[in-house]
Amino acid sequence: MRIAVVGSGYVGLVAGACFADLGHDVILVDNDQQKVSALRSGQVPIHEKFLPELLQRHRGKRLEFSGDLQAAVRASSAIFIAVGTPPTEQGEADLSYVESVARSISAAINGYKIVVEKSTVPVYTSDWVRKIILRNAAPPDSFDVASNPEFLREGSAVTDFLYPDRIVVGADSERCAAVLRQIYAPLTDGSYYGRKDAIPRPDGAHIPPPLIVTSAKSAELIKHASNAFLAMKISFVNAVASICEAVGANVEQVCQGIGSDSRIGPRFLSPGIGYGGSCFPKDLMAFRSVARECGYEFRLLDEVMRINEEQRQRFLRKVRNALWTLRGKRLGVLGLAFKGGTDDIRESPAVLLVQALVQEGCQIAAYDPAASQRAREVLTAGVDFAASAYDAAAGADALLILTEWEEFAALDLKQLHSKLKYPIVIDGRNLYDPRVMAAHGFTYYSVGRTSASPEAQAAAASAPARKLKKS
Ligand code: UDX
Ligand code: UDX
C-alpha cells in the first residue's frame, strides 16, 4: 500500500522505515527542508538501533523523502500524522501543527483516504481533525480519521514498532479499520517474522502481536492512560524508595517482592532520579489538562509529577550530605541523556541536575556515550565534556551516576577508584551493588538502599552474629 507519514521526527521516521520494511511504499514528509535533504543524502538524524540499516535498505526504493505534503497525500491511501505536539505554557498539548497538516490534507483528497493520528494527542483530536478536513471542503465520504497510537520507546524504537505488545487501531468505521488491518497484516499474520531479513526478535517479545480495534476516542485515551500509568509506577517505586531510606530497608528487595506479583509485574519498577524524556512529562500534563476540560480533577497525576520533581531534590540533598558544601567542588557526572540507549536530552533529569549543581557553584566533568553533542547546546557554562567515564572521574570530589547506560555498570572499579580525588560515588540509577562498591573502597550512596562504605562493611563484619529467630 502507498502510505504517507507526515513528520520525520522520532516517531515518524521510525514508523516510516518500519512500514517500508513491512512491504509498503512510503513517502516520509517533513516541512523542515534541511531534514528532508539530510535524509535523502543518507544521514540518520537520530540515534536508534537498526534504523540506519532500514533506511539504507529502503531509501530510494520503497522509501522516499519529500517536503511536498499534498503530492504525498494524492499518491497515498493512508496518511499518518506524526508531527510534534509540544506542551503549551499551560501544559496542554499544542495541536496547531496537527491542525495545519489536516488543512493541507483536505485540499489534496482525490479518492478515499484514511487520516491516522500517530502522534500522542488528547481525546477529541480525531473529531477535530475530521471537522477541519470537512471545513476545508473535503467530501464527507472521501475520508475517515483514525487513531493508531505509538508505544515505542527511544533507544528500542524499531524493535518496539515491529515487536509491539499490541497494535491499537481506533477507527469509527469498518472500512477504515480494514485499511489499518491490511497495513499491519505482515505483523499480525506473522509473515514478517518468517522473513530472513526481518529485524531480530528481542527477548520476551510475543509474536504475532494482537491488534485491538476500538473507537477513535478510546484509542486516544489508551495512549495517554498508558503513559500516565507507567509514569505513576515509576513515581510509586520512587516514593517507596524514600520510605526504604527512612527505615533502612532495601528497595531492590522490595521491588523483587512486589514485582513478582503477576498483577504488578517487574518492569518499570526501577527507582532513580525520576523519569524524563519527550513523552512522559508532556503527556502527563496534557492528560491532566484534558481531564480537567472534561470536568474530572485527575489529582493523582499531580502527585505523580510532584514525586518526580521531588526525586531530583532528594538526590541534590544526598550530594550535599555527602560533600557538605558544594561551591567550588569538582563533580564527575556519568550520563546526560534522559535514559540509556538514546542521544535524547529532552526533559532529561540528568541535565536538570547538572544545571542545578552548576547553579550551586560546582564544576562538572560530564561523560555520555551519545548525548554530549546535544547537551553542549544547553549546558553552556560550568561543564567540561569528558571523552570517557574515567576522564570524567579524574580528580573529582565525587562521581554522580545520572543515566542508566549499561556500559556504566561494567566500568573497571579499580581504575575508577584510582581516578577519583575521593572515592565517593552517588548513584541515581542503582547501577552497582553496594557491597561490591564498599569492597572496592568506595563510599557509595544510591536510591532506596542504605549507603555503603569500607568502614561500615568492616564494622558489620566484626559485629557479633545475631541469631535469626526461627519462624
Ligand atoms: C512526536 C510527537 O510530538 C509526540 O507527541 C509523540 O509522543 C511522539 O511523536 P517526535 O517524533 O519525537 O514526537 O517529534 P519531533 O521529533 O518533534 O518530530 C516532529 C517532526 O514533525 C519534525 O521533524 C518536524 O519538522 C515535523 N513537522 C512538524 C512537520 O513536518 N510539519 C509540521 O507542521 C510540524
Ligand atoms: C515512553 C514510553 O515507554 C513509550 O511507550 C512511549 O511511546 C513514549 O514514552 P520513552 O520516553 O522513550 O518511552 O522512555 P522510557 O523507556 O519509557 O523511560 C522514560 C523515563 O522513565 C526515562 O527517564 C527512564 O530513565 C525512566 N524510568 C523508566 C525510570 O526511572 N524507571 C523505570 O523503571 C523505567
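The following passage describes the surroundings of ligand 1 and the packing of helix H2 in a predicted model. Local features were required to have pLDDT of at least 70 and side-chain atom pairs pLDDT 80 or more, whereas totals for chains, interfaces and linings use all residues. Side-chain values rest on heavy atoms, without hydrogens and water, and residues are numbered from 1 along each chain as its sequence is written.

The shell around ligand 1 holds 20 residues, of which Asp 30, Lys 35, Thr 85, Thr 120 and Lys 282 come nearest (a residue is near if one of its heavy atoms lies within 4 Å). By class, the shell comprises 6 nonpolar, 9 polar and 5 charged residues, with Gly counted as polar. Polar contacts (pairs of N or O atoms within 3.5 Å) place an oxygen atom of ligand 1 at 3.0 Å from a polar backbone atom of Tyr 10, and at 3.0 Å from one of Val 11. In addition, an N or O atom in the side chain of Lys 35 is 2.7 Å from an oxygen atom of the ligand. The protein buries 85% of the 690 Å² that ligand 1 exposes when taken alone (Shrake-Rupley method, 1.4 Å probe). Helix H1 (10-21) and helix H5 (96-106) are the elements giving two or more residues to this shell.

Helix H2 (residues 33-40) has Val 36, Ala 38 and Leu 39 as its buried residues (under 20% relative accessible area, 1.4 Å probe, protein chains only). Seen down the axis of H2, these residues fall within an arc of 165°, so they line one face of the helix. Their cover includes H1 and strand E3 (63-66), contact being heavy atoms within 4.5 Å. At the N-terminal end of H2, Asp 32 acts as a cap, with a side-chain oxygen 3.0 Å from the backbone nitrogen of Gln 34. Just after H2, Gly 42 adopts a positive phi of about 100°.

Methods
Chains are lettered from A and ligands numbered from 1 in the order in which they are written. A polar contact is a pair of N or O atoms within 3.5 Å; within protein, one must be able to donate a hydrogen and the other to accept it, and residues adjacent in sequence count only if both atoms are side-chain atoms. Helices (H or I, at least four residues) and strands (E, at least two) are DSSP runs, numbered from the N terminus. Buried means under 20% relative accessible area, exposed over 50%, partly exposed in between (1.4 Å probe, protein chains only). The arc is that of the directions from the helix axis to the C-beta atoms.
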